[in-house]
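Please walk me through this structure, starting from one buried aromatic residue and moving outward to the strands and helices around it.

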Amino acid sequence: MKGAKITVFGSFVVDLTGWAGHLPIAGETVFGENFKMGPGGKGGNQAVAAHRAGADVTFITKVGKDPFADIATNFYKSEGMDTRYILTDGEKSTGIALICVDGHSGQNQILVVPGACTNFTDADIELIRPVIEQSDYLLVQFEVNMDALEKAMDIAKAKGVKIVLNTAPVRKVSKEFLCKADIITPNEMEAAGLLDMEISSESDAKKACDAFHAMGIGCAIITMGKAGVYASMNGEQRMIPSFKVDAVDTTGAGDAFNGAFITALAEGLDLFRAVEFGNKAGALCVTRMGTAPAMPFRREIDAFGEK
C-alpha cells in the first residue's frame, strides 16, 4: 500500500481556530463559540493526509525556537512520522494561522503568518537535497519563501522527480516557474488569479486547464468545492463529482485532497481514479473540525468508498 516515495516540502503553522455564528466583516467584533489550537499549515496538513492515507512520506518544514515548535514535533511523533527534517530557525518564530469558521456553513477566513517557513536558506536546501533526489514525487505549496521553493523544484526536476504544485495560497508567479510542475492543483480562485480569468463553471475550468497545458504543464487539476474536481491530461478532460456530506469546517479540504491524491498516484492509480480518491478524503475532512487532526485515515477513505 505504501507505493512510491513522496516528499512534502512546505509549511508548518500552529492553527488558532475559533468558531462563531457568522464570520466578522471589516470592523466587526464577533463572539466565538469554540476555540482550538493545533498543528496545521498546508505542507503539514498534506503530509499528514498522505501519511494517514498510507503513503511513504517525508515531510520537510521549518519552525522557530519557541513553544509552538513543540506542537510540531510532538504531533508528528504521535503520528509515527519522521521528524528528522523539521528544521529550526534562529531568526523567525514558528508560523501561525488565525482561522475564523462560520459554525453554520463551515466556511472560513484565514490569516497566515508563515514565520520560519519563509526563511529556508541555501544551507537548508543542500541539507534536504538528498531527500528530494531520492523521491518519486515532490509535493509543494506557496507557504514557504519562493526562492527556496524554486530551488527545491529544480533539484527534483533535474532528477526526474514528479512535481505536484498546489498553488495555495495564490501568488503571482511567472509561466516559467509554473511550468516546472508536472501536475498543478489550484482551486478555482487560485487558478483564476494565476490566469487572470473568471472560473465559475465546468467550461471555464476546461479553458483554464487548456491554458496551463499551453504553458507546458502536462496535468492540470482544478478543485471546485461542492461542484467537484476538473481534471485534464493527455487530451482527456472531465469533471469528477464531489461527495455530498454535511460540512462543519472546510478549512483543510484542499489539503486532504492533495495528500490523498498524491498517495493514490504513488500507488499507481490513474489520474481520474486518484482524483476520486482525493475527493473522498476531502469529503471526510470537512465533516470534522480542525486541519491536520481532521485528515482521514486509509480505513476511513476505503470504507467511505463502499457506501
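**From one ring to the sheets**

Y76 counts as buried because its relative accessibility is 1%, where buried means under 20%. The model described here is a predicted one.

The ring of Y76 has a partner. Its centre lies 5.4 Å from that of the F59 ring, and since the two planes stand at 70°, the pair is edge-to-face. F59 also counts as buried, because its relative accessibility is 2%. Y76 belongs to helix α2 and F59 to strand β4, so the pair ties together parts that are 17 residues apart in sequence. Further ring pairs extend this contact into a cluster of F12, F59, F75 and Y76. The count of aromatic pairs comes to seven.

Helix α2, which holds Y76, covers residues 67-78 and lies across β2, β3 and β6. Its direction makes an angle of about 70° with β3. These strands belong to an open sheet of four, arranged in the order β3-β2-β6-β7 with mixed pairing. At the edges are β3 (32-40) and β7 (108-115), each of which pairs on one side only. On average, neighbouring strands of this sheet are turned by 10° against each other, direction ignored.

What makes the pairing mixed can be followed from strand β2, residues 13-20. Strands of a sheet pair through backbone hydrogen bonds, and the sense may be parallel or antiparallel. With β3, strand β2 pairs in the antiparallel sense over eight bridges. Two of the residue matches are V13 with G40 and W19 with N34. With β6 (94-102), strand β2 pairs in the parallel sense, over eight bridges. There G18 has C100 as its bridge partner. Seven of the eight residues of β2 are buried, so this strand is largely enclosed by the rest of the structure.

Strand β4, which holds F59, leads to another set of pairings. β4 spans residues 56-63 and runs parallel to β1, with five bridges joining them. β1 also pairs with β8 (residues 137-140), in the parallel sense and over four bridges. F9 takes part in both pairings: its bridge partner in β4 is I60, and its bridge partner in β8 is V140.

Are the residues of β1 buried or exposed? Strand β1 consists of residues 5-9, and five of its five residues are buried. In a regular strand, side chains alternate between the two faces of the sheet. In β1, K5, T7 and F9 point one way while I6 and V8 point the other way, and all are buried.

Another aromatic pair is found in helix α8, residues 253-266. The ring centres of F257 and F261 are 5.6 Å apart and their planes meet at 5°, so this pair is stacked. The two residues are four apart in the helix, so about one helical turn separates them. Both F257 and F261 are buried.

Some rings also have a charged group over them. The charged end of R238 sits over the ring of F272, 3.8 Å from its centre. K62 lies over the face of F120, at 6.0 Å from the ring centre.

Methods
Residues are numbered from 1 along each chain as its sequence is written. This is a predicted model: local features need pLDDT of at least 70, side-chain atom pairs count only at pLDDT 80 or more; totals for chains, interfaces and linings use all residues. Side-chain values use heavy atoms; hydrogens and water are left out. Two strands pair if DSSP finds at least two bridges between them. Axes are lines fitted to C-alpha atoms, for helices over the stretch in contact, and angles run from 0 to 180 degrees between N-to-C directions. Contact means heavy atoms within 4.5 Å. Buried means under 20% relative accessible area, exposed over 50%, partly exposed in between (1.4 Å probe, protein chains only). Rings of Phe, Tyr and Trp (its six-membered ring) pair if their centres lie within 6.5 Å; planes under 30 degrees apart count as stacked, over 60 as edge-to-face and the rest as tilted. A charge sits over a ring if NZ of Lys or CZ of Arg is within 6 Å of the ring centre and within 35 degrees of the ring normal.
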